[in-house]
Amino acid sequence: MKARFAPWAIAVLSGLIALALVIYIAPIASLETKLRDIRIAAMQPPADPSSDIAIIALDEATLAGLPYRSPIDRGLLADIIEALEAKGARAIAVDVIIDQPTEQTKDDRLRAVFAKAKVPVRFSFSSSSRIVTEEQLDYLTDFVPPAARIEAGLLTDPYDGMVRRINPGGQLRNGKRVFTELKPEGFVPTMARLSGAQSPPRMPLEIAWRARPDVEGQPFPTYSATYLPFLPDALIAGKTVLVGAVLSMTDRHLTPLSIIDDGDQGHMPGVMLQAHGISQVLEGRMPPVVPLPWQVAATLLFSLTGAGISLWRRGILFNVGVAAGVAAVYWVGAIVGYGQGLPMLPLVGPTLAMALAMWMMDLLIGRGERQQREFIQRTFSRYVSPSVVEELVRDPSTASISGSRREASFIFTDVAGFTTLSEKLEPEALSDVLNSYLDGACKIILDYQGTIDKFIGDAIMVVFNAPITQADHAEIAVRCALDLDAYAEAFRIDCVARGIPLGITRIGVHRGEAIIGNFGSQSRMDFTALGDTVNTAARTEGVNKYFGTRICCTQAIVEACPNQSFRPIGQIVLKGKHTATCLYVPVAADEDQALLDAYGEAYRMLDNESEGATERFEHLATLFQDDPLVRFHCERIAAGHASTKVVMDDK
């Protein structure tokens, strides 16, 4: 359950971290801002010039006809206000700070024109010590009455000095925007309200820059003050008119448009900056910032994508390649799409979220894979060969670590009379014999990549085709059984020669379905097999003592081993079973071919209850008196059971 929800948890966590980084870490937030700037500067589609705003520019041509450049001639400003009012301007904003006296008659004329104007006229105002001295502030507050003041200050980004937001003016007190005589309402909100806007901004708002109509054109009709008297009234009537300097070295401010424009757009006159803000509010254009819910959705989508890529488990290079491709397509689509009407999709946040999700998933998967490798090594190193453990570690999917039903082949071995032997030998001697015997047997089993299920004293239970898949597991099991038999018999002969009466090793081999996996408790667990197939395999080993054989295989094994020769024992009904199964002895490479041929013919006659079967076995007994199967059938015939069907009364 935890593993199922871990990717979701990681995706959410990485998304939240990415959002926090973009919002609170200045360099990352600045990178996201710069990417927005690129789209704003390069991808905005052209727009017609504003029909609501006009700019009267105090340019070089205007100043050239004046007796002095600074301060701006007050008589000129009075003439401009009168002309604009006469031409039907809707509202007038003078973006000139009147902070010092000039010629008395011109100053008085400007006061008089302003006082009698019937259209709203506002003057830029600032109480900032960076703009005016105390003496200048005193003159400014005396010249411009509180009702005519508009905050001229601009909000610059502390990280790169660019202007990106509208200044609402005033100051915050207890979460509310408050306006005073020295902290008046901002330039943009005031002029937007005078121009008919219902809800001017009361908090800093990202500027939605108005695109130019073409490379040479301006987003707002701009006319030199020199030519104002000659302008048709229709160009001014009903418009909000801003009067301000557009000089090359005066009142210039860095904007995001500087990415592609190093002139008036990139280093924009203050009056034109204010025009962008007013136009945005009047037209209801939203800032070029995706709302927070969109940002959250995009970020979480990409964090889920990163987690999903990691779940493929194709390696770090694959993950990075796919993620880079996804990010590239998204970035190109977002940048180009902005020019085609798409919203300003976030770029850094989603990309960062995808990278974080992949990294965190890699940590989780790496930890899980390490734990899995440790579990596999800890669990299977006791049962299987090192090469099998390496294969399981390399590809855990080849192992069925939890219980599952699968076909397998089983070997059971047991040493005859070992209990009696253990009572005769000293513990140290018994331990040496048993350990030496099991060491040799286990080496053979592991060489055949068999899984040692368990030891029960001297007995061994072996599984083939689990945990790793072995297509020819039945044939492998038979070959392993033959090698085990050769080893065990040689070991027995050596022990007997040393005075240790070790009994023969009996081996049973069977194939079938069983439930195989790890079973146990939280504190102790074993890899084993369960089911009737296992019980049958164990009984197959046990019946060897009745036949005098050392290896016994079931029909299921024989059917799966077309390349192996077998001698049939008989149709055996095992203890607890109702149906007979034919049991066999696998033929070793050094078996006497004459015996095999003669026994095969005699067995077929006995199985068919043919006349002469008894005489044939009696004849075989004189030729191969040491053969256990010949002796077994002769004894049964002598007891009146001239048949290959044998019903076992014991296990």
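Begin with the open sheet of this predicted model, which six strands form in the order 4-3-2-11-1-10. The pairing between these strands is parallel. Select residues 149–151 for strand 4 and residues 222–224 for strand 10, the two strands at the edges. Each has a single partner strand, so one side of each is left without a neighbour in the sheet. Looking across the sheet, the viewer should find a twist that averages 25 degrees from one strand to the next.

Next, select strand 1, residues 53–58, together with strand 10. These two strands pair in the parallel sense, and three bridges connect them. For a particular pair, display Ala57 and Ser224: the latter, in strand 10, is the bridge partner of the former.

The tour now turns to the nonpolar cores. Select Ile411, Val509 and Phe547, the residues with the most contacts inside the largest nonpolar core, which has 67 residues. Then add helix 15, residues 473–497, which gives the most to this core, with twelve residues. Centre the view on Val509 and display its surroundings. Leaving aside residues up to four places away in sequence, Val509 touches a set of residues that includes Phe410, Ile411, Ala477 and Ala481. Also in contact with Val509 are Thr540, Ile551, Cys552, Cys553, Thr554 and Ile557. A second core, separate from this one, has 42 residues; among them are Leu58, Phe125, Leu140 and Val241.

Two cis peptide bonds make the next stops. Select Ser70 and Pro71, which are joined by a cis peptide bond with omega of about -10 degrees. Pro71 lies in the loop between helix 3 (60–64) and helix 4 (74–86). Then move to Ala466 and Pro467, where a cis peptide bond has omega of about 5 degrees. The loop that holds Pro467 runs between strand 16 (459–464) and helix 15.

Finish with two backbone positions. Select Asn174, in the loop between strand 7 (171–173) and strand 8 (176–178). Its phi is near 55 degrees, a positive value in a residue other than glycine. Is Asn174 buried or exposed? Asn174 is exposed, with a relative accessible area of 83%. The last selection is Gln449, in the loop between helix 14 (427–447) and strand 15 (451–456). Gln449 is likewise a residue other than glycine with a positive phi, near 55 degrees. Gln449 is partly exposed, and its relative accessible area is 28%.

Terms used: Residues numbered from 1 in each chain as written. Predicted model: local features only at pLDDT ≥ 70, side-chain atom pairs only at ≥ 80, totals over all residues. Heavy atoms only, no water. Pairing = 2+ DSSP bridges. Helix = DSSP H or I, 4+ residues; strand = E, 2+ residues; numbered from the N terminus. Axes fitted to C-alpha atoms, helices over the stretch in contact; angles between N-to-C directions. Core = buried A, V, L, I, M, F, W, Y, C linked by side-chain atoms within 4.5 Å. Buried < 20%, exposed > 50% of the residue type's maximum accessible area, 1.4 Å probe, protein only. Contact = heavy atoms within 4.5 Å.
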